[in-house]
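Here is a set of short exercises for you to work through with a structure at hand. Try each task on your own before you read the solution.

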Amino acid sequence: GGLLIIDLSNLPNSIDTLSTDLGFGYTDAHNIFIDENGIAYLFGATSGLGSGTIILDIAANPTAPVYLGSYTTNYVHDGFVRNDTLWSGEIYAGQLGIVDVSDKTNPTLMASQATPKSFAHACWPTDNGNTVFVVDEKPGAWVTAYDVSDISDIKELDRWQSYPGNNVIPHNTFVVNDFVVNSYYTSGVVILDATHPYNLVEVANYDTSPTSGGGFTGCWGVYPYLPSGLILASDRQEGLLVLSNNYTQACYIEGIITDVTNGLSLWNAEVVVNGFDVSIDHTDVSGFYATGVADAGTYDITVSLFGYYPETVSITVSNGIITTSDIALTPVPFCGLGPNNLSVSNNTDVSLDLQWEIGVNATAYTLYYSISGENNWLTSQTSDNFTTLIDLSPDTMYDLYVVSNCDSITVNQ
């Protein structure tokens, strides 16, 4: 164990290595981050001082680190430091931490934010420090964007999920200008356009792994900061991959969804760019949605909400441009007030006639019937408000009810 220091100053002729326990029994850490001042942060460290984030000064002599202090309020799995602020993935606390490390001997937690899957693995802020992106290392987790311009009032802006429904696990996230580069175990490297942090849009991906689903095989890490712009991806089974980048702005689509009859905004309407399972959004309480696609062209967008007819519109979009598409939904006619007063007549050992009052707006009816207590329901459909059941079992009690069918809405009696 210990800290391995590799001196590259003599390349390409030779390298020198040094291993040290830092003088206080340091054995291991999960990750290391070095800030702009030459201060190293050893996250998830174990030493004779206990566990925590160890802070070292390596600016003067990288081969002889000087211990400055530790952050021990919460375990930090991974993090980012700039301007004496530590953005910490406090994985076991289930939160993003924001820590003042201006006094290295006494780091102070200034604010925190619970994350969607309560397992914050990694985080990275934008260059202006107004937005931070966080990933939980859990199946089906998201890349989540937060507005941290006021750390006393942190707001979630958006979430993005790889292969929805397939439990893919994100691992690390990095910011390159207006883009977020992510390593996903079984779905590889994914680049998101975060020009508008409230609307994360996938613009490129490279699946490094032949596996799929929620396992921990596949893309372990990604590094997007080479001077060449090339991206390094490390896959646990496939090895090291060198990828070109595609930092192209997305085509942004946004608008307001309303009720056509009264103009009121509709909450939780699903907006889908047809054919793109990652381009799905739901309206907020103001009816606003935001989504997008990588490539310019013409696309169909379908909006759906329970109680309304789905609406599909065609829209032409361009890269780097916000295209507004406000869509009004038509409510399905109210299907209530019936059917009522279900009555039985002309019953024999094996048949009976049923009749009921016509339901408002009903176009058809479905009768459900089962031997009492068995819940083995049979059905009979009719467009009339009466029907005859036959082939019943003699001397047997039945449960039955009628449902009005009004397009996609039903009312039971």
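## Exercise 1: The start of the chain

I6 sits in strand 1 (residues 3-7), where a strand is a DSSP run of E with at least two residues, numbered from the N terminus. Before going on, note that this is a predicted model, in which local features need pLDDT of at least 70 and side-chain atom pairs count only at pLDDT 80 or more, while totals for chains, interfaces and linings use all residues. Residues are numbered from 1 along each chain as its sequence is written, and side-chain values use heavy atoms, with hydrogens and water left out.

**Task.** Find out whether I6 is buried, partly exposed or exposed, and which nonpolar patch it belongs to.

**Solution.**
- Step 1. Recall the classes: buried means under 20% relative accessible area, exposed means over 50%, and partly exposed lies in between (1.4 Å probe, protein chains only).
- Step 2. The relative accessible area of I6 is 46%, so I6 is partly exposed.
- Step 3. On the surface, I6 joins L4, L8, L11 and I15 in a nonpolar patch, and together they have about 490 Å² of accessible area. Areas come from the Shrake-Rupley method with a 1.4 Å probe, and for residues only the protein chains shown count as cover.
- Step 4. Patch members need over 30% relative accessible area and no salt bridge; nonpolar side chains (Val, Leu, Ile, Met, Phe, Trp, Tyr) are joined within 5 Å, and like charges within 9 Å. A salt bridge is a side-chain nitrogen of Lys or Arg within 4 Å of a carboxyl oxygen of Asp or Glu.
- Step 5. L11 is also linked to P12 by a cis peptide bond, with omega of about 5°. P12 is in the loop between strand 1 and strand 2 (16-20).

## Exercise 2: An open sheet of four strands

**Task.** Work out which strands stand at the edges of the sheet with the order 7-8-9-10.

**Solution.**
- Step 1. In general, strands of a sheet pair through backbone hydrogen bonds, either parallel or antiparallel. Here two strands pair if DSSP finds at least two bridges between them.
- Step 2. The four strands form an open sheet with antiparallel pairing.
- Step 3. Strand 7 (78-82) and strand 10 each have a single partner strand, so they are the edges, and one side of each is left without a neighbour in the sheet.
- Step 4. From one strand to the next, the twist averages 20°; axes are lines fitted to C-alpha atoms, for helices over the stretch in contact, and angles run from 0 to 180 degrees between N-to-C directions.
- Step 5. Inside the sheet, strand 8 (residues 85-90) and strand 9 run antiparallel and are joined by six bridges. One pair to look for is S88 with its bridge partner G97 in strand 9.

## Exercise 3: A covered strand and its neighbours

**Task.** How many residues of strand 13 (residues 143-147) are buried, and how many bridges join this strand to strand 12 and to strand 14?

**Solution.**
- Step 1. Four of the five residues of strand 13 are buried, which leaves the strand mostly covered.
- Step 2. Strand 12 (residues 131-136) runs antiparallel to strand 13, with five bridges between them. T131 has D147 as its bridge partner in strand 13.
- Step 3. The hairpin of strand 12 and strand 13 has six residues between the strands, and G140 there takes a positive phi near 75°.
- Step 4. Strand 14 (residues 155-160) is joined to strand 13 by five bridges, again antiparallel. Here T144 stands opposite R159.

## Exercise 4: Asparagines in loops

**Task.** Sort N199, N106 and N177 into buried, partly exposed or exposed.

**Solution.**
- Step 1. N199, in the loop between strand 17 (188-193) and strand 18 (201-206), is buried because its relative accessibility is 2%.
- Step 2. A polar atom of the N199 side chain lies 2.8 Å from the backbone oxygen of T291.
- Step 3. N106 belongs to the loop between strand 9 (95-100) and strand 10 (108-114), and its relative accessibility of 47% makes it partly exposed.
- Step 4. N177, in the loop between strand 15 (170-176) and strand 16 (179-184), is exposed, with a relative accessible area of 56%. N177 has a positive phi of about 55°, although it is not a glycine.

Notes: A polar contact is a pair of N or O atoms within 3.5 Å; within protein, one must be able to donate a hydrogen and the other to accept it, and residues adjacent in sequence count only if both atoms are side-chain atoms.
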